[in-house]
Amino acid sequence: MQLVWFRQDLRLVDHPALSAAVRQARQQNQTVEAVFIISRAQWRRHQMAQVRERFLLARLNELGAVLAELGIRLHRLEVDWFDEVPAALAALVQARGARALHAISAIEVDERRRDAAVSRQLSVPCHFVPGCCVLPPGSVLTGKGEAFKVFTPFSRAWLKALAAQGSTVLPPPGPVAAPLGWQPMSLPRPTALEARVLADWPVVEGAAEARLTQFLERAVLDYESQRDLPAREGTARLSAYLAAGILSPRQCLAALQQRLGRLPFSRGEPGFAWLNELIWREFYRHLLVLEPRLSMDQPFQLHTRALAWRQDEAAFAAWCQGRTGYPIVDAAMRCLNQTGWMHNRLRMIVASFLTKDLHLSWRQGEDYFMSRLVDGDLAANNGGWQWAAGTGADAAPYFRVFNPTTQGQRFDPKGDFIRRWLPELAAVPDAYLHTPHDWLRIKGLRDYPAPMVDHALARQQAIAMFQQLE
Ligand SMILES: Cc1cc2nc3c(=O)[nH]c(=O)nc-3n(C[C@H](O)[C@H](O)[C@H](O)COP(=O)(O)OP(=O)(O)OC[C@H]3O[C@@H](n4cnc5c(N)ncnc54)[C@H](O)[C@@H]3O)c2cc1C
């Protein structure tokens, strides 16, 4: 029997480990079985959101059903911590007579340590193969063989490598044995938030592909002009599927190519702006592999370790709850708390606010996002936070500080997004919506807090904080 270990890759299509296991099983007249390991204590230590756990387990139930139709039994194992995984897998390998283990390589440090321990401790060959990126993480390097430290040269090198190597999508495997019965895991009744997340992110087979197709048909050509407007559905809303590996980035590329007739290879070509976001995803993943300290709470720019971030639990709580007095920040945080997802422009705005206006550490924000997001992903989340905080892999200088008022005016000009999430501001006229405090005071309305900081002053203090490092 060939054993496939599913992790952050809950799909059948473009799954190189599954394909290899099926190929080997056919050659050697064997069966294929699969396993997924639930490790809740470790997940909590990694701040995995409850909604993300629920999303993964719901998807696992669907995956188990489609695997069973192909004659592949899915085992579920439960341990607390990653260091219990080798023994749990060894017992399964022995009990089921597995001849080899196949999995897609992980990129995070704890996960890679776990996989190395599995390779050492199992008595059968363990095959870890790339599969979470278009190009294998760590394979796109500078002429000197080093990691790219900024995005634009990385994206050029990535596009060149893609043009040379191409990208193909592996088909899903056909049946390897007669269909089996499948007993889905019984899950507790979803909370209201979990139910909302499961409705927003359906996990049935084909749902992610359908959303990709719909986005490409309806919105990809307008992506560049619409992607920064949180009140519109201008982006693909695929991040939870990509983070859980329900969809592969190569599937995205293939669908884009099919839609446009060819892949856009340069800025200005239709569809390039969207492809560029997929390259950001690759950038942060490649970086995580090449710079393992990013998985260990360290800043990319090492000298920024000396930054004196403030400790202020009350300020942090106001940010988390969406009670900062800056409408676009508050609407974004309440949206996150009530849906498990946030638009990219808003992630940048609230991350800039936490670090550059409140002077709280990006690590606090990174953890909070992780504990709430259905698409929580270490590489993208850490990359995004460090980019916003001025500690990351970024060509722009640290004095880029977003003004939360003008960002709101620019990207939510009519306040549609703000009104959706801040009902206490619903009646404020458009002209005052981004700075509603005087209007609210005159009307005697006191539900909405005053701005917790003076942005102009906070900006100067943030810049001074960085200048002290020089
Ligand atoms: C502070 C901060 C934290 C973030 N945390 C996460 C996270 O935990 N998980 C996550 O998937 N994304 C994260 N992002 C990136 C981005 O905000 C989301 O991927 C995006 O909002 C998802 O929406 P979409 O699927 O509609 O994306 P689209 O705009 O349609 O883009 C398509 C895909 O490209 C990838 N992508 C897009 N933008 C980025 C980016 N800046 N960095 C990396 N990948 C990107 C995503 O996989 C996305 O699904 C973060 C960004 C910031 C600024």
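A residue is near a molecule if one of its heavy atoms lies within 4 Å of it. The exercises below apply to a predicted model.

**Exercise 1. The ligand environment**

Determine how many residues surround the ligand and which are the closest.

Solution.
- Step 1. The count of residues around the ligand is 28.
- Step 2. The closest of these are Tyr223, Thr235, Arg237, Leu238 and Asn344.

**Exercise 2. Polar contacts and burial of the ligand**

Identify which ligand atoms are approached by polar side-chain atoms of tyrosine 223, glutamate 277 and asparagine 381, and state what share of the ligand's area the protein buries.

Solution.
- Step 1. For tyrosine 223, a polar side-chain atom is placed 2.5 Å from a ligand oxygen atom.
- Step 2. For glutamate 277, the partner is a nitrogen atom of the ligand, at 2.9 Å from a polar side-chain atom.
- Step 3. The side chain of asparagine 381 has an N or O atom 3.2 Å from a nitrogen atom of the ligand.
- Step 4. The ligand taken alone exposes 820 Å², of which the protein buries 96%.

**Exercise 3. Cysteines 320 and 335**

Establish how many disulfides the whole structure contains, and explain why cysteine 320 is not bonded to cysteine 335.

Solution.
- Step 1. Searching the whole structure yields zero disulfides.
- Step 2. The criterion is a pair of cysteine sulfur atoms within 2.5 Å.
- Step 3. The cysteine sulfur closest to that of cysteine 320 belongs to cysteine 335, and because the separation is 15 Å, the two are too far apart for a bond.
- Step 4. Seen from cysteine 335, the nearest cysteine sulfur is that of cysteine 320, again at 15 Å, and cysteine 335 is in no disulfide.
- Step 5. Cysteine 320 has 8% relative accessibility and counts as buried; cysteine 335, at 8%, also counts as buried.

**Exercise 4. Helix α13**

Describe helix α13 by stating which of its residues are buried, what covers them, and what is found at its N-terminal end and just after the helix.

Solution.
- Step 1. Helix α13 spans residues 313-321, and its buried residues are Ala315, Phe316, Ala318, Trp319 and Cys320.
- Step 2. The cover over these buried residues includes α14 (327-339), α15 (344-357), α16 (362-372) and α17 (378-389).
- Step 3. The N-terminal end of α13 is capped by aspartate 312, with a side-chain oxygen 3.2 Å from the backbone nitrogen of alanine 314.
- Step 4. Glycine 322, just after α13, adopts a positive phi of about 75°.

**Exercise 5. The annotated span 1-134**

State which domain UniProt lists for residues 1-134 and what the helix and strand content of the span is.

Solution.
- Step 1. The unreviewed UniProt entry lists residues 1-134 as "domain: Photolyase/cryptochrome alpha/beta".
- Step 2. In the model, residues 1-134 are 47% helix and 22% strand.
- Step 3. The C-alpha atoms at the two ends of this span are 29 Å apart.

**Exercise 6. Aspartate 14 and leucine 70**

Is aspartate 14 buried or exposed, and is leucine 70 buried or exposed? Give the surroundings of aspartate 14 and of leucine 70.

Solution.
- Step 1. Aspartate 14 occupies the loop between β1 (2-6) and α1 (16-27). Its relative accessible area is 0%, so aspartate 14 is buried.
- Step 2. The side chains of aspartate 14 and serine 248 form a polar contact of 2.6 Å. Beyond four places in sequence, aspartate 14 touches Thr168, Val169, Leu170, Ser248, Arg250 and Gln251.
- Step 3. Leucine 70 lies in the loop between α3 (50-69) and β3 (73-79). Leucine 70 counts as buried, at 12% relative accessibility.
- Step 4. With residues up to four places away in sequence excluded, leucine 70 touches Leu12, Pro173, Gly174, Pro175, Val176 and Ala177.

**Exercise 7. Glutamate 84**

Why is glutamate 84 classed as partly exposed, and which backbone atom does its side chain reach?

Solution.
- Step 1. Glutamate 84 is located in the loop between β3 and α4 (85-96).
- Step 2. Buried requires under 20% relative accessible area and exposed over 50%. Glutamate 84 has 30%, and is therefore partly exposed.
- Step 3. The side chain of glutamate 84 reaches the backbone nitrogen of aspartate 80, at 3.4 Å.
- Step 4. Glutamate 84 and serine 39 are 45 residues apart along the chain, and their C-alpha atoms are separated by 9.0 Å.

Definitions and conventions:
Residues numbered from 1 in each chain as written. Predicted model: local features only at pLDDT ≥ 70, side-chain atom pairs only at ≥ 80, totals over all residues. Heavy atoms only, no water. Buried < 20%, exposed > 50% of the residue type's maximum accessible area, 1.4 Å probe, protein only. Helix = DSSP H or I, 4+ residues; strand = E, 2+ residues; numbered from the N terminus. Contact = heavy atoms within 4.5 Å. Polar contact = N/O pair within 3.5 Å; in protein donor to acceptor, adjacent residues only side chain to side chain. Areas by Shrake-Rupley, 256 points an atom, 1.4 Å probe, with all protein chains shown as cover. UniProt positions renumbered as here; feature names shortened; annotations may be inferred.
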